[in-house]
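Hi,

Here is the structure I said I would pass on. Have a look first, and my notes follow below.

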Amino acid sequence: MPRLAVALAAWLLLQPAPGPVSPAGLTPIEIAQDWDVVYAVRVVDINADGRPDILAINPSQLAWFENPSWTKHVILDGATPRDNVTIAAADLDGDGRPEIALGAAWDPRNTTSGGTLHLAVRTTPDGRAPWRVRQIFEEPTLHRILWADLGVGGRPSLVVTPLHGRGTSPPEWNGPGARIVVLHPPDTLDGEWKQEVVDDTRHILHNFLALDFDGRPGAELITASREGLTLFTRRPDGTWSSRALVEVTPGPGEVVLGRVGGRRVFATVEPWHGTSIVTYTEEENGTWRRRVIDDTVTGGHALGWGDFDGDGHDELVAGWRAKPFALARYHFTPAGELARREILDEGVAVEDLAIADLDGDGRPDIVAGGRATQNIRVYLSGGSR
């Protein structure tokens with residue numbers, strides 16, 4: 001048998017058994033079952049083999065699932081205060097392999113203490129052995145983190161957002177806002193991180209973006225909070241300016257940015273943990289046109305964009321975690337109007353999702369992690385391999 005055929009046969013034997021191809025042309029593969037609440041999933045090449053792996057957390061573990069067999073490797077187990085809630089990966093020491101930031105001690109009602117941030121560093125190049133970890137920061141209700149190139153020191157900085165302001169309480173959470181903090185990495189991984197406060201005026205800050213929004217050097221931040229969508233820009237002197245992009249009541253809980261018909265489009269879940277999927281299309285005058293594309297979701301909690309059909313326009317993937325939970329995909333006309341909705345799966349109570357090309361075929365795939373269902377599923381585009 002030719003060498004290529006042998007290699008292909010061996011590779012196929014490593015694949016988990018796929019489910020039937022869905023009407024949407026996606027092949028679902030369940031890579032984790034009964035794994036407690038899957039708080040977050042990310043796509044990152046952990047072992048530097050050129051294939052993107054899946055990084056995930058549950059309340060007590062940090063683990064990665066190796067592409068293409070999806071074998072689980074536990075990075076940390078019980079090494080951080082329960083519950084783990086957020087993760088982000090970046091190569092800080094230039095060795096071509098990522099370090100991992102992990103937010104833990106999640107308690108959304110404790111606004112006076114807790115909320116720990118940790119850095120996990122590998123102990124072996126392949127990342128399969130347990131990693132070492134140390135705490136680098138603390139902020140009550142620490143909820144979301146992202147690495148961003150802010151043009152400081154030639155390395156990414158870590159942006160940290162809590163859900164609530166210190167000392168606030170339900171149901172209104174009035175008072176101080178959530179303290180958005182940037183942590184600049186030290187010269188060595190064991191050094192002290194420099195802190196920079198961006199803002200403390202947003203309330204119920206459930207999620208945010210870090211991306212190049214204006215085409216100038218350095219990433220901007222866009223927050224989804226009770227106040228709407230807010231743009232934060234870092235000035236050369238290290239101070240920050242803010243500008244309201246969208247003011248809506250009640251405010252959004254999720255935000256992602258895609259492109260449809262050559263225009264930028266925000267997608268949000270409204271309100272926080274809410275029932276509506278909403279888009280905001282950028283108009284020529286700089287305003288954002290609002291459209292409610294679905295008002296039937298239950299506990300909306302995850303969004304992502306991807307061009308699944310190759311037509312040059314992004315489609316929106318959304319997941320919700322309350323019964324009847326589902327994962328759905330939305331198609332748009334070039335003008336930004338909703339063309340149709342597809343229910344992709346009703347077997348994941350979607351807490352988080354990620355979109356990336358997992359199998360190298362040039363088409364985006366989906367990863368979804370479940371809350372009540374406690375599972376992780378991969379959805380490969382283009383049918384069975």
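To start with something you can look up straight away: which residue lies over the face of Phe308? That would be Arg329, at 4.8 Å from the ring centre.

Before you go further, keep in mind that this is a predicted model. The average pLDDT for the protein is 93, and 93% of the residues score at least 70. The stretch to be careful with is residues 4–14, where the pLDDT is below 50. In the model, that stretch has seven contacts beyond near neighbours in sequence. Where pLDDT is low, the predicted coordinates should not be read in detail, so I would leave those contacts alone.

Now for the part I spent my time on. There is an open sheet of four strands, in the order β14-β15-β16-β17, with antiparallel pairing. β14 (207–211) and β17 (240–246) are the edge strands; each has a single partner, so one side of each has no neighbour in the sheet. From one strand to the next, the twist averages 20°. Inside the sheet, β15 (residues 220–225) and β16 (residues 228–234) run antiparallel and are joined by five bridges. If you want to trace that pairing, Ser225 has Gly228 in β16 as its bridge partner.

On to the aromatics. The structure has six aromatic pairs, and two of them share Trp288. Phe213 and Trp288 are stacked, with 6.3 Å from centre to centre and 25° between the planes. Phe213 sits in the loop between β14 and β15, while Trp288 belongs to strand β21 (residues 288–294), so this pair ties together parts that are 75 residues apart in sequence. Phe213 and Trp288 are both buried.

The other pair is Phe266 with Trp288: the ring centres are 4.6 Å apart and the planes are at 45°, so this one counts as tilted. Phe266 comes from strand β19 (residues 263–270) and Trp288 from β21, so here the parts tied together are 22 residues apart in sequence. Phe266 is buried, as is Trp288. Through these ring pairs, Phe213, Phe266 and Trp288 are linked into a cluster.

One more thing to look at while you are there: what sits over the ring of Phe213? It is the charged end of Arg264, 4.1 Å from the ring centre.

Cheers

Technical notes
Residues are numbered from 1 along each chain as its sequence is written. This is a predicted model: local features need pLDDT of at least 70, side-chain atom pairs count only at pLDDT 80 or more; totals for chains, interfaces and linings use all residues. Side-chain values use heavy atoms; hydrogens and water are left out. pLDDT is the predictor's confidence in each residue, from 0 to 100. Contact means heavy atoms within 4.5 Å. Two strands pair if DSSP finds at least two bridges between them. Helices (H or I, at least four residues) and strands (E, at least two) are DSSP runs, numbered from the N terminus. Axes are lines fitted to C-alpha atoms, for helices over the stretch in contact, and angles run from 0 to 180 degrees between N-to-C directions. Rings of Phe, Tyr and Trp (its six-membered ring) pair if their centres lie within 6.5 Å; planes under 30 degrees apart count as stacked, over 60 as edge-to-face and the rest as tilted. Buried means under 20% relative accessible area, exposed over 50%, partly exposed in between (1.4 Å probe, protein chains only). A charge sits over a ring if NZ of Lys or CZ of Arg is within 6 Å of the ring centre and within 35 degrees of the ring normal.
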